Amino acid sequence: MTIRENIARVRKRIQAAASRARRDPKKIELMAVSKTVSAASICEAYEADIRLFGENRVQEFTAKAAALRDLTQARWHMIGHLQTNKAGSAIALFDGVDSIDSLRLARKLNAAAMQAEKKLPVLIEINIGGEQAKSGVALDSEELNQLLSIGPELTNLEIRGLMALPPYSDDPEQSRPYFRRMREKFDEISNQRLPAVRMDVLSIGMSHDFEIAIEEGATRIRVGTAIFGERKSVRSTA
Ligand SMILES: *Cc1c(COP(=O)(O)O)cnc(C)c1O
């Protein structure tokens, strides 16, 4: 299977899931997760009309970025844990950060964006399974409330939604209750109409469980393996 064929297959699966859920497939954005993937493969995905890419390491993407300069319509988002001391590099490299996992990171990133005179869309990452090994703020935490309440202070960031990664299981149905809780929280925050907080992106669902995520209300899915094939290196978001 070529990358183009894989993408066509993923798009068909999105259509089918959307149709089952009576949702408009155009409201579901496909992000290609290109961590560990070569620049050549990323170019193939771009040729097949992928415009949104997810990367999880500043260092790795720095090395690839030069080879991807011609993909002028591409948007590059950070989806992995970002150390606060890399906030400046992240602002220079990425068009969005989908993994804001602390108040401290939000403030550092905002300061770096201000310095670079940029405005960046961001998502707050929720550690939906309460897992030790994963980053993200807890669902019903004071830190989440604080992040949402300092929206107006984060002049150079736009809080656009939430991202989550449920505990891994071979059975995708196991993700459903986590996705449902995410959707409930997403709607609850939307209804609060907080200043400088816009809830229009709910990023849930990966290669093995994105159909379930679509049924539960995902507006963005993050697909790596089903597009680029199995990654050779160790799976990691750290
Ligand atoms: C690697 C990764 C993905 C993609 O996972 P696949 O199972 O390969 O689709 C999605 N989201 C995050 C945060 C990741 O780190």
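Which strand gives the most to the lining of the largest cavity? Strand 5 does, with 3 residues. The close-ups below start there, and the model they show is a predicted one.

**View 1. The largest cavity and what lines it.** Let's begin on the inside. The count of cavities of 30 Å³ or more comes to 1, and about 30 Å³ of space lies in the largest cavity. Strand 5 (120–126) and strand 6 (157–164) are the elements that give two or more residues to its lining. To find the spot, look for Ile100, Ala106, Val122, Leu123, Ile124, Leu147, Leu154, Leu157 and Ile159, which line this cavity. Sorted by class, that lining has 9 nonpolar residues, no polar ones and no charged ones.

**View 2. The ligand and the residues around it.** Now move over to the ligand, which has 12 residues around it. Lys35, Ser207, Arg222, Thr225 and Arg231 come nearest. The shell is a mix by class, with 5 nonpolar, 4 polar and 3 charged residues.

**View 3. Polar atoms beside the ligand, at Lys35, Arg222 and Gly224.** Here are three spots to pick out. In the side chain of Lys35, an N or O atom is 2.6 Å from an oxygen atom of the ligand. The side chain of Arg222 has an N or O atom 2.8 Å from a nitrogen atom of the ligand. At Gly224 the backbone takes part: one of its N or O atoms lies 2.8 Å from a ligand oxygen atom. As for cover, the ligand on its own has 390 Å² of accessible area, and the protein covers 97% of it.

**View 4. The second largest pocket, with lining from helix 1 and strand 1.** About 240 Å³ of space lies in this pocket. It is lined by 13 residues, and the closest to its centre are Arg11, Ile14, Pro25, Ile28 and Leu30. Helix 1 (3–20) and strand 1 (29–33) are the elements that give two or more residues to the lining. Which of the helices and strands gives the most to it? That's helix 1, with 3 residues. By class, the lining of the second largest pocket has 6 nonpolar, 1 polar and 6 charged residues.

**View 5. Two loop residues with a positive phi, Asp49 and Arg193.** A bit of background helps with this view: most residues other than glycine have a negative phi. Asp49 isn't a glycine, yet its phi is positive, at about 75°. You'll find Asp49 in the loop between helix 2 (39–47) and strand 2 (52–55). Its relative accessibility is 52%, so Asp49 counts as exposed. Arg193 isn't a glycine either, and it has a positive phi of about 45°. The loop to look for this time runs between helix 7 (176–192) and strand 7 (197–203). Is Arg193 buried or exposed? Arg193 counts as exposed because its relative accessibility is 70%.

**View 6. Glu142, a residue of helix 6.** The last stop is Glu142, and helix 6 takes in residues 142–149. Why does Glu142 count as exposed? The reason is its relative accessibility of 53%, since exposed means over 50%. To place Glu142 in the whole model, try setting it against Arg4. Glu142 and Arg4 are 138 residues apart in sequence, and their C-alpha atoms are 44 Å apart in space.

Notes: Residues are numbered from 1 along each chain as its sequence is written. This is a predicted model: local features need pLDDT of at least 70, side-chain atom pairs count only at pLDDT 80 or more; totals for chains, interfaces and linings use all residues. Side-chain values use heavy atoms; hydrogens and water are left out. On a 1 Å grid over the protein atoms alone, a cavity is a set of points where a 1.4 Å probe fits but cannot get out, and a pocket is an open set with protein on both sides within 12 Å along at least five of seven lines; lining residues have an atom within 4 Å of a point. Grid points are joined across faces, edges and corners, and a volume is the space filled by probe spheres set on the points. Helices (H or I, at least four residues) and strands (E, at least two) are DSSP runs, numbered from the N terminus. Ala, Val, Leu, Ile, Met, Phe, Trp, Tyr, Cys and Pro count as nonpolar, Asp, Glu, Lys and Arg as charged, and the others, Gly among them, as polar. A residue is near a molecule or strand if one of its heavy atoms lies within 4 Å of it. A polar contact is a pair of N or O atoms within 3.5 Å; within protein, one must be able to donate a hydrogen and the other to accept it, and residues adjacent in sequence count only if both atoms are side-chain atoms. Accessible areas come from the Shrake-Rupley method with a 1.4 Å probe; for residues, only the protein chains shown count as cover. Buried means under 20% relative accessible area, exposed over 50%, partly exposed in between (1.4 Å probe, protein chains only).
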